[in-house]
Amino acid sequence: MTQTLISNRIKISGIVQGVGFRPFVYNLATRLGITGWVRNTSGGVEIKATGDPSIIEKFIAVLRNDPPLLSKVDNLIVEPVDTEQFNSFEIRESLANPGEFIPISPDMSICEDCRRELFDPADRRYRYPFINCTNCGPRFTIIQEVPYDRPLTTMSAFAMCSNCAGEYATPSDRRYHAQPIACGVCGPEVAFFSPGEPEIYAEEAIQAARNLIREGRILALKGLGGYHLACDAANVEAVERLHDRKQRSEKPFALMCYDLETLSRYVQVSDAESLLLESPQHPIVLLKKESEVHTLDHTAPNQNHLGIMLPYTPLHLLMLEPAPDFPDVLVMTSGNMSEEPIAYQDDDAKTRLSALADGFLVHNRPIHMRVDDSVTRILDKQVHLIRRARGYAPEPVKVNQQLRQVLSCGAELKNTFALSRGPYVFLSHHIGDLENFETLTSYRQAIEHYKLLFHLNPEAIAVDLHPDYLSTRYGEDLADASGLPLFRIQHHHAHLCACLADNDYHTDEPVIGLIFDGTGYGTDGVIWGGEVLIGGYQSFERVYHLSEIPLAGADTAIRNPSKIALAYLKAAGIEWSEEFPPVNAYRPEDLEVLSKQLALGINCALTTSMGRLFDAVSSLLGLRQHITYEGQAAIELENICDPAETSLYSIPLEGSKVNAVNVFPQILMDIRNGIPNSVISARFHNSVASCCLALCQQIRMTKGINKVALSGGVWQNITLLTKTLDLLRADSFETYTHRRVPTNDGGISLGQTLIADAMLRKQ
Ligand code: ZN
Ligand code: ZN
Ligand code: FE
């Protein structure tokens, strides 16, 4: 019988480390009677397996088709090798190939097994808030250095008790080599404190935190990637207090429900959405409100969606445990003042959050890397990332080509950076708005951390063309200090290429780019944002754009849609009459100043921004004159849109200019005729979508291009996106939209990477 044995070497790459892959292989091999070994390498996992050919075949089929839950097999190579006899199957020491990198698993939500143990009175980890295993728990947020091993994580301070050490060392145990392994005897613990009260611990601390929530007060809660601020979502007074304290009046708050059943009382949940909510990532999912008048409206004013997530750590489960007198939905918003990054270090959190919170539920497992909650939505049954962070980062975005090593510094708002190598782009987690020292510090630290973890050593630097972005300055300083080449990349070109890379596009064949966003620095110094480009990774050409409109006092105009509406009315030759809401937003003397300013172009920047066009329409309909967060006016315009309306306004094309000014007299006519805002909003959305189709048809006719990429923050508008895609697809255009990376500026660094790589090759 021995003569029928064969040996195979199996190499597997992808997310195969820190996810229970080796014990899985060990158990499978042992069960099948296969001998040999398995080990981690820098490239992934390597197996030597000896056994009967049919058994080996079965073994490989399971590895390929049914690997451990959290793993992701990118590639599996089988090589026949000389038959080698082993006595058993064993797990061998890791082998590091110098210069290679190992993907690191993102943080993963608590698994079903751990959840069961958490609530099992007979289990030794009953109600232990840090229960985890090889299939779940913290990863990226606690890793200080590689290889991923307990001494190089923030768990290094906790010496394992003999029970935990036993589980850790037993290959058949589901906690074999689970680096964050812990229990109530040896692991981290929770503590609760509030001003003037003694600190309390463990179960009592959790109950005290729950009491604070019951009383309608605000809790600072230390989670996986940072602090949250939590309160009873149904308590209007508590939510308003939190809004006031965070100084961001109307930005919707994220919510957390105990389970799907509770959640479905408030929002509509499709099968795809349930799967996403309960996925190992447990992101925030934007879900449609169950009815128009909603008990949670005050948590998300003027929105028809709520951003909700399920508890993703054992501590969250204990915090939200159902009880008759305990709220079934909590506000769970990031612990920060509106503009700052999320707090994650304990002393810093105490200082920064003490004015915001009435009590703190903390723990002593340090967070090494701050990571926000991810925000997602389902569209066409597919997951779309709006904010890519916890659960997704630092998993690299795989592209369909071999890339040189580039550091891409990203844009300014919703910043991410990226580091590339081979087919991988290590797109960072959401860093935030690079407008203050705190965020900039967090940005610098994260760049260094990614370089260290993935052995990256960039040979070029890419920055946005905008000279004043802090990310541009950072890249310039680094290029000066290092002597590395610096590439300045036009913002909308980066959007276009981010979309192409997101779709694994890898040819030089140019595509049409409908690139619509709020702000991006143009090659002519004008603020672009309503751009129709033709191009690809190598180059781009701007073929159409919205006609220019002056932004009076640049930044203040962005915060005041009324100013943009007035500029559009003036451009349309319409007199500012008191019946118009944007006119009413100003005192007569201010209007006079503004009128002169616009006429003479004093302190006015020109823009072709599509985002500003939506702002102007929102203002003219009286929906929003001043915004408190980015995109607010446009979101409120979308939210009232009547889905049944099919007519539209005409938007003429004048040379390369799309004359959107022309819609204003048409809208005013509708307003005077008593047409409801919901219909006007729909007509406006229809107009932009149909204008997109007309422009693409024009380009196809003259240049024969049939592929269209849609990118930029404006495409977060699902109504506009759906209408435009429907029109384009009905006319046989091939369309590309974002899925894996955000369509907003969170995707810019990916686009910069692909363009810089193309430039490097040309040199
Ligand atoms: Zn688990
Ligand atoms: Zn222990
Ligand atoms: Fe942008």
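Which residues of the largest nonpolar core touch the most other members? They are Leu 514, Tyr 568, Leu 569, Phe 614, Phe 664 and Phe 684, out of 66 residues in that core. Keep in mind that this is a predicted model. Besides its cores, there are two zinc sites to look at, one with ligand 1 and one with ligand 2, plus a set of 14 aromatic pairs.

**Nonpolar cores**

- The largest core has 66 residues, and helix 21 (residues 677-703) gives the most to this core, with 9 residues.
- Take Leu 569, one of the residues that touch the most other core members. Setting aside neighbours within four places in sequence, Leu 569 is in contact with Ile 574, Trp 576, Phe 580, Leu 620, Phe 664 and Leu 668.
- Phe 664 turns up twice here: it is on the list of contacts of Leu 569, and it is also among the residues touching the most other members of the core.
- There's a second, separate core as well, made of 41 residues, including Met 155, Val 190, Leu 219 and Leu 224.

**Zinc ion (ligand 1)**

- Four cysteines hold this ion through their SG atoms: Cys 111, Cys 114, Cys 133 and Cys 136, lying 2.3 Å from it.
- The site is tetrahedral, with angles of 104 to 116 degrees among the 4 donor atoms.
- Along the chain, the donor residues are spaced C-x2-C-x18-C-x2-C.
- Cys 114 lies in helix 3 (residues 112-118) and Cys 133 in the loop between helix 3 and helix 4 (162-169), so this pair ties together parts that are 19 residues apart in sequence.
- Cys 114 and Cys 133 are both buried.

**Zinc ion (ligand 2)**

- Here the protein donors are the SG atoms of Cys 161, Cys 164, Cys 183 and Cys 186, lying 2.2 to 2.3 Å from the ion.
- Why is the arrangement around this ion called tetrahedral? Because the 4 donor atoms subtend angles of 102 to 116 degrees, and four donors count as tetrahedral if all angles lie between 85 and 135 degrees.
- The donors of this ion follow the spacing C-x2-C-x18-C-x2-C.
- Cys 161 sits in the loop between helix 3 and helix 4, while Cys 183 is in the loop between helix 4 and strand 6 (190-193), so the two tie together parts that are 22 residues apart in sequence.
- Cys 161 is buried, and so is Cys 183.

**Aromatic pairs**

- Phe 21 and Phe 24 make a tilted pair, with 6.4 Å centre to centre and 55 degrees between the planes.
- These two are 3 residues apart in helix 1 (residues 21-32), so about one helical turn separates them.
- Phe 21 is buried, at a relative accessible area of 1%, whereas Phe 24 is partly exposed, at 24%.
- Phe 417 and Tyr 443 are an edge-to-face pair, because their planes are at 80 degrees, with the ring centres 6.0 Å apart.
- Phe 417 lies in the loop between strand 18 (406-408) and strand 19 (418-427) and Tyr 443 in helix 11 (residues 437-453), so the pair ties together parts that are 26 residues apart in sequence.
- Phe 417 is buried, with a relative accessible area of 0%, and Tyr 443 is buried with 0% too.
- Ring pairs also link Phe 417 and Tyr 443 into a cluster with Phe 140, Tyr 424, Phe 426, Tyr 450, Phe 454 and Tyr 474.

**Charges over rings**

- The charged end of Arg 390 sits over the ring of Tyr 312, at 3.4 Å from its centre.
- Arg 700 has its charged end over the ring of Phe 733, 3.8 Å from the ring's centre.

Key:
Residues are numbered from 1 along each chain as its sequence is written. Chains are lettered from A and ligands numbered from 1 in the order in which they are written. This is a predicted model: local features need pLDDT of at least 70, side-chain atom pairs count only at pLDDT 80 or more; totals for chains, interfaces and linings use all residues. Side-chain values use heavy atoms; hydrogens and water are left out. Rings of Phe, Tyr and Trp (its six-membered ring) pair if their centres lie within 6.5 Å; planes under 30 degrees apart count as stacked, over 60 as edge-to-face and the rest as tilted. Helices (H or I, at least four residues) and strands (E, at least two) are DSSP runs, numbered from the N terminus. Buried means under 20% relative accessible area, exposed over 50%, partly exposed in between (1.4 Å probe, protein chains only). A charge sits over a ring if NZ of Lys or CZ of Arg is within 6 Å of the ring centre and within 35 degrees of the ring normal. A nonpolar core is a set of buried Ala, Val, Leu, Ile, Met, Phe, Trp, Tyr and Cys residues joined through side-chain atoms within 4.5 Å. Contact means heavy atoms within 4.5 Å. Donors are N, O and S atoms within 2.8 Å of the metal (3.2 Å for Na, K and Ca); water is not among the atoms, so sites may look incomplete. Four donors count as tetrahedral if all angles lie between 85 and 135 degrees; four count as square planar and six as octahedral if opposite donors are over 155 degrees apart and all others between 65 and 115; anything else is irregular.
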